[in-house]
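Biologist: I am new to this structure. Please take me closely through one part, the surroundings of the ligands, and show how that part sits in the whole.

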Amino acid sequence: FKRWAHTTPTMNYRSVTEEDVAHFAKILAPSSVLSTLAPVSTPASELSIYNNDWMNKYHGKSTTVLRPKTTKEVSEIVKWCNERRIAIVPQGGNTGLVGGGVPIIDEVILNLGNMNKIRSFDPVSGIIVADSGCVLEAMSEYLVPHHYIMPLDLGAKGSCQIGGNVSTNAGGLRLLRYGSLHGSVLGLEVVLPDGTILDQLSTLRKDNTGYDLKQLFIGAEGTLGVVTGVSILSAPAPNASSNVMLALPKYENVLPLFREVKRQLSEILSAFEFIDRRAYELAVKHGQGRALNDEDVEGAECFVLVETSGGKREHDEEKLNTLLESLMEADEPLINTGVLSQSPLQFSQLWAIREGITEAVSKEGKAYKYDISIPVASFKTVVDTTRDHLQSKGLLRDDAVKHVVGYGHVGDGNLHLNIVAAEYSPEIESALEPFVYELVQSYKGSVSAEHGIGVMKTHALQYSKNATSIDLMRRIKTLFDPNGIMNPGKVLP
Ligand code: FAD
Ligand code: MLT
Ligand code: ZN
């Protein structure tokens, strides 16, 4: 069971034919069917953005992209595909980082981007019900005049969709304050793999009527059905928010700092994000946010971005200032310095450094991304051990591995270990895997904290899930999708 095996899944599905395309063209509006096949005959170049993932690491060869506008259309497409054993990849904003949203071979791409309407909003409860193709940022903007915010926020907010967020169980920058989507999603509407519409679009906060089926679709990465509608609890917008970038002389200070920050800021602490020195330098090099002054960076081994959100500006500022004073004046200060934002612009610029690391890493080279849950005390050891390991293999050089960086969500025990290479290569991959996964397992950690399994980690699932759990997952998959048409080759090994 522990044997390391990484093979390309064999796919036994029918390819789309001209007859299928003609049928899809009857179900959907003409602009909603893209296919290189007759009778539609779209140029292949127009399908490229759907076939390739955000990192340009995973490449599909689908001939057909369908962009339905209604749940009924989704249901009709899925029913037809199920009867003809045509495999489907549900796709949201295509910002996923594990290759789950693009085909492995030529599966039909079912892109939800045309389903982008807010269905309802209740200003008393804060419950918002939306089509799954609504872009996260558009939902946040919708809520602004109502003084609410979405309970999740990610660097990909301008493209990712709420259906994709739910399907990956995305974590992001607000999880520390608002918890995971398993708590804030109240209901879902899902088209099951045989085309049946499962209406669980509840707007109830409390509902203990047996098994909570919607939880299975949160994080299922499109393997159990297509999410078409989402009911989610938004949060009252804070009246005041501030942030401060703290520069730490050594990594070992992160944990005591986290304890002190939590103790002093208590209910107004809304984010505590970690950035190591190399990650910071890459962000700055690639123009993310505004660089700190040289004297603030000097001697810093890493940085922590702290955000406060609360009800009263004076109260929150007083707490934050008292915290900073006590940190600076301590006998053995945990920080070298803190850069406090003084305006909404500076607030966004500090956040842009942290949120922009993903883009900076991708601009710098080809990223091997390991999104892991491990004890916070071991973040640095894991980054250093991986770097040493690559060094010992002779791979730490400009034409192979350029950087090994760490950043992430300290408050959630989630490290993003990124290896930035000149090119993706089998040599680097085999140096990294299973090495990284075994390291994670030695800490009893998770090989996927928030990005999911996709196609990248199917062979690594065994490092975080035992055989009984994987067997149950398989049986659930077979129950929902006996023909295995829904996102084959993803999640399960
Ligand atoms: P896609 O990439 O299109 O799809 C992701 C998976 O969900 C695929 O398996 C797909 O088949 C499935 N899927 C999509 N829509 C549906 C649907 N309607 N029904 C069924 N299945 C569906 N993730 C985090 O957790 N935290 C972060 O902080 C974070 N930051 C990011 C920053 C950047 C710059 C980028 C590029 C990515 C980041 N991500 C982060 C990763 C990514 O998981 C999220 O961006 C997001 O949740 C994916 O949403 P999407 O709409 O792009 O989904
Ligand atoms: C983040 O926290 O920035 C995201 O999860 C994306 C990434 O890992 O790069
Ligand atoms: Zn993250």
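Modeller: A term comes before the ligands: helices and strands here are DSSP runs, at least four residues for a helix and at least two for a strand, numbered from the N terminus. The model is predicted.

Start with ligand 2. Its shell is Gly155, Ile357, Thr358, Lys369, Asp371, Gly408 and His416. Two elements each supply at least two of the shell residues: α14, covering 357–364, and β16, covering 366–373. By class, the shell has 1 nonpolar, 4 polar and 2 charged residues.

Now ligand 1. There are 39 residues around ligand 1. Five glycines come nearest: Gly92, Gly96, Gly100, Gly163 and Gly164. Four elements give two or more residues to this shell: β3 (88–91), α5 (162–168), β10 (226–233) and α14. Helix α5 provides the largest share, 5 residues. The class count for ligand 1 is 12 nonpolar, 23 polar and 4 charged residues.

Note α14. This helix is listed for the shell around ligand 2, and α14 is listed again for ligand 1.

Follow Ile357 inward. Ile357 belongs to the shell around ligand 2. Ile357 is also touched by Ile275, leaving aside residues up to four places away in sequence. On the same terms, Ile275 touches Tyr280, Cys302, Phe303, Leu305, Arg354 and Tyr407. Ile275 is among the residues with the most contacts inside the largest nonpolar core, along with Ile88, Leu246, Leu248, Phe303 and Val304. That core has 135 residues.

One record helps with placement. An unreviewed UniProt entry lists residues 58–237 as "domain: FAD-binding PCMH-type". Over that stretch the chain is 22% helix and 24% strand. Its end C-alpha atoms are 38 Å apart.

Now step back to the whole protein. There are 18 helices and 18 strands. The C-alpha atoms fill a box of roughly 75 × 60 × 45 Å along the principal axes. The radius of gyration is 23 Å, which agrees with a compact globule, because one of 493 residues would have a value near 23 Å. Of the 493 residues, 48% count as buried. Contacts reach far along the sequence, too. Among contacts with a separation of 6 or more, 74% come from residues 24 or more positions apart.

Definitions and conventions
Residues are numbered from 1 along each chain as its sequence is written. Chains are lettered from A and ligands numbered from 1 in the order in which they are written. This is a predicted model: local features need pLDDT of at least 70, side-chain atom pairs count only at pLDDT 80 or more; totals for chains, interfaces and linings use all residues. UniProt positions are given in the numbering used here, feature names are shortened, and annotations may be inferred rather than shown by experiment. The radius of gyration is taken over C-alpha atoms; the globule rule is 2.2 Å times the number of residues to the power 0.38. A residue is buried if 20 or more other C-beta atoms lie within 10 Å of its own, exposed if 12 or fewer, and partly exposed in between; C-beta atoms are placed from the backbone. Two residues are in contact if their C-beta atoms, placed from the backbone, lie within 7 Å. A residue is near a molecule or strand if its C-beta atom, placed from the backbone, lies within 6 Å of it. Ala, Val, Leu, Ile, Met, Phe, Trp, Tyr, Cys and Pro count as nonpolar, Asp, Glu, Lys and Arg as charged, and the others, Gly among them, as polar. A nonpolar core is a set of buried Ala, Val, Leu, Ile, Met, Phe, Trp, Tyr and Cys residues joined through C-beta atoms within 7 Å.
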